[in-house]
Amino acid sequence: MIILLGVGWWVLFTTLTTMVPAGLGLSIVMLMLVRFLLGIGEAVVYPASNRLVATWIPSAERGVANGFIFAGVGAGAGITPPLITYILVNWGWRWSFYICALIGLAVGAAWYFLARDNPEDHPWITKEELDHIQKGLPASSAKQGGDKALPWRAILSNRSMIFVSLSYFSYGYIAYIFFTWFFIYLRRVRGLDLKSSAFYSMLPFLAMAGCSPLGGWIADTLAMRASRRAGRCGVAVFGIALSAVFLALATQVESARLASIVLAGGAGALYLSQSAYWAVTADIAGRSAGTASGLMNMVGQIGGAVTATFTPAIAEGFGWTASFLVAAALAALGSAAWLLVNPDEVIAQ
């Protein structure tokens, strides 16, 4: 239900964006307010999805499940640049918002008819599927008192939550370089034309879409065959560290097109680790997975907000090479933070 409400809220404020009048003294303030309110609705989707994963998905399969969720994020972001460019050129900017709102309505309707909060409430589930889910859920819910929510104090003071959240700040900072600045970087700094910029700006998001489920599959496989720490923490450490290498290497490439490919490698490597964040918060927080992952996601979004202003400020003062090197350094710190995470330690009351 929360995801449905979030999608509906997002559709409403996406549409209202087109209605902000131009030329008024308060137009910028009104636009910022509408977009801020849109973000409030959008923000519930990831934590609610992770709460759903904690209820529906056995622990051994959560890496792949989260991987496919965020593969959708990468795929959606990947097709957006050429789609929006086509709409802008042919129909104008308002239609880009209208079409996005229509897509949101369709997704919301599908979710309403197909999804349920709990497996036992779904009319299509079989007894075998339900048994498989229930046997694969970790014992964290029982240790936390069944459906009783964890207190904020327990979540905020947990060492693993602290370092996962700090690492997700780095993650958000790097990811939002691609979401907010990559197209502009290719267009203004690398000198690609509009169509080439739209095409090459797809590459990081396609890499995200491919590497997210791949990282989840590797994490689940290692967790089953070696240990949960190897599967969750090991994959995250490797993926984010590899992303730092790609980001640093891209600054040394002169060809705009080759630099785009190298940076896409950095985005893909970053998303190898994506499922680990959400799988770990689901495992250690159990029934409070939505709260725990919501806190983590808040810190990650702060990282994204910081990069929106900090990245161009660094570029203006020291050049874009410095901007990407700062992102690489943050990736290295985010990778190191995972060494202090214990995915086997359930948050206690």
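These legends accompany several close-up views of a predicted model.

**View 1. Helix α1 and the elements that pack against its buried side chains and backbone positions****.** In this predicted model, helix α1 runs over residues 2-17, and its 16 residues reach 22 Å from the first C-alpha to the last, close to the 22 Å expected at 1.5 Å a residue. Buried within α1 are Ile-3, Gly-6, Val-7, Val-11, Phe-13, Thr-14 and Thr-17, and the buried residues of this helix pack against α2 (27-42), α3 (45-56) and α5 (93-114). An α-helix has 3.6 residues a turn, so residues three or four places apart point the same way.

**View 2. Leu-4 on helix α1****.** Leu-4 has its place in helix α1, and because its relative accessible area is 22%, Leu-4 is described as partly exposed. Leaving aside neighbours within four places in sequence, Leu-4 is in contact with Gly-108, Trp-111 and Tyr-112. The C-alpha atom of Leu-4 is separated by 20 Å from that of Met-298, a residue 294 places apart from Leu-4 along the chain.

**View 3. Val-44 in the loop between α2 and α3****.** Val-44 lies in the loop that joins α2 and α3, and it counts as partly exposed because its relative accessibility is 28%. When residues up to four places away in sequence are not counted, Val-44 touches Ile-2 and Gly-6. Val-44 and Gly-6 are 38 residues apart along the chain, while their C-alpha atoms are separated by 6.1 Å.

**View 4. The second largest pocket and its lining****.** This pocket holds about 360 Å³ of space and is lined by 15 residues, of which Met-1, Ile-2, Leu-52, Arg-116 and Asp-117 lie nearest its centre. The elements that give two or more residues to the lining are α1, α3 and α5, and the largest share, 4 residues, comes from α3. By character, the lining residues divide into 9 nonpolar, 2 polar and 4 charged.

**View 5. The largest nonpolar core, with Trp-338 among its residues****.** The largest nonpolar core has 57 residues, and those with the most contacts inside it are Met-161, Phe-178, Leu-247, Leu-263, Tyr-277 and Trp-338. Helix α9 (residues 159-180) gives the most to this core, with 9 residues. Apart from this core lies another, of 5 residues, among them Ile-3, Val-7, Val-11 and Ala-101. Returning to Trp-338, and not counting residues up to four places away in sequence, its contacts include Val-164, Ser-167, Arg-229, Arg-232, Cys-233, Ala-236 and Val-237, as well as Ile-240, Ala-276, Tyr-277 and Val-280.

**View 6. Helix α17 and what covers its buried residues****.** Helix α17 (residues 320-337) has 18 residues and reaches 26 Å from its first C-alpha to its last, close to the 26 Å expected at 1.5 Å a residue. Its buried residues include the aromatic positions Trp-320 and Phe-324, together with Ala-322, Ser-323, Ala-327, Ala-328, Leu-330, Ala-331, Gly-334, Ser-335 and Ala-337. The elements that cover the buried residues of α17 include α9, α10 (182-189), α13 (228-250), α14 (256-272) and α16 (289-318).

**View 7. Thr-221 in helix α12****.** Thr-221 lies in helix α12, which spans residues 203-225, and Thr-221 is buried because its relative accessible area is 16%, under the 20% cut-off. Thr-221 and Val-341 are 120 residues apart in sequence, and from C-alpha to C-alpha they are 19 Å apart in space.

How values were computed
Residues are numbered from 1 along each chain as its sequence is written. This is a predicted model: local features need pLDDT of at least 70, side-chain atom pairs count only at pLDDT 80 or more; totals for chains, interfaces and linings use all residues. Side-chain values use heavy atoms; hydrogens and water are left out. The expected span of a helix is 1.5 Å times one less than its number of residues. Buried means under 20% relative accessible area, exposed over 50%, partly exposed in between (1.4 Å probe, protein chains only). Contact means heavy atoms within 4.5 Å. A nonpolar core is a set of buried Ala, Val, Leu, Ile, Met, Phe, Trp, Tyr and Cys residues joined through side-chain atoms within 4.5 Å. On a 1 Å grid over the protein atoms alone, a cavity is a set of points where a 1.4 Å probe fits but cannot get out, and a pocket is an open set with protein on both sides within 12 Å along at least five of seven lines; lining residues have an atom within 4 Å of a point. Grid points are joined across faces, edges and corners, and a volume is the space filled by probe spheres set on the points. Ala, Val, Leu, Ile, Met, Phe, Trp, Tyr, Cys and Pro count as nonpolar, Asp, Glu, Lys and Arg as charged, and the others, Gly among them, as polar.
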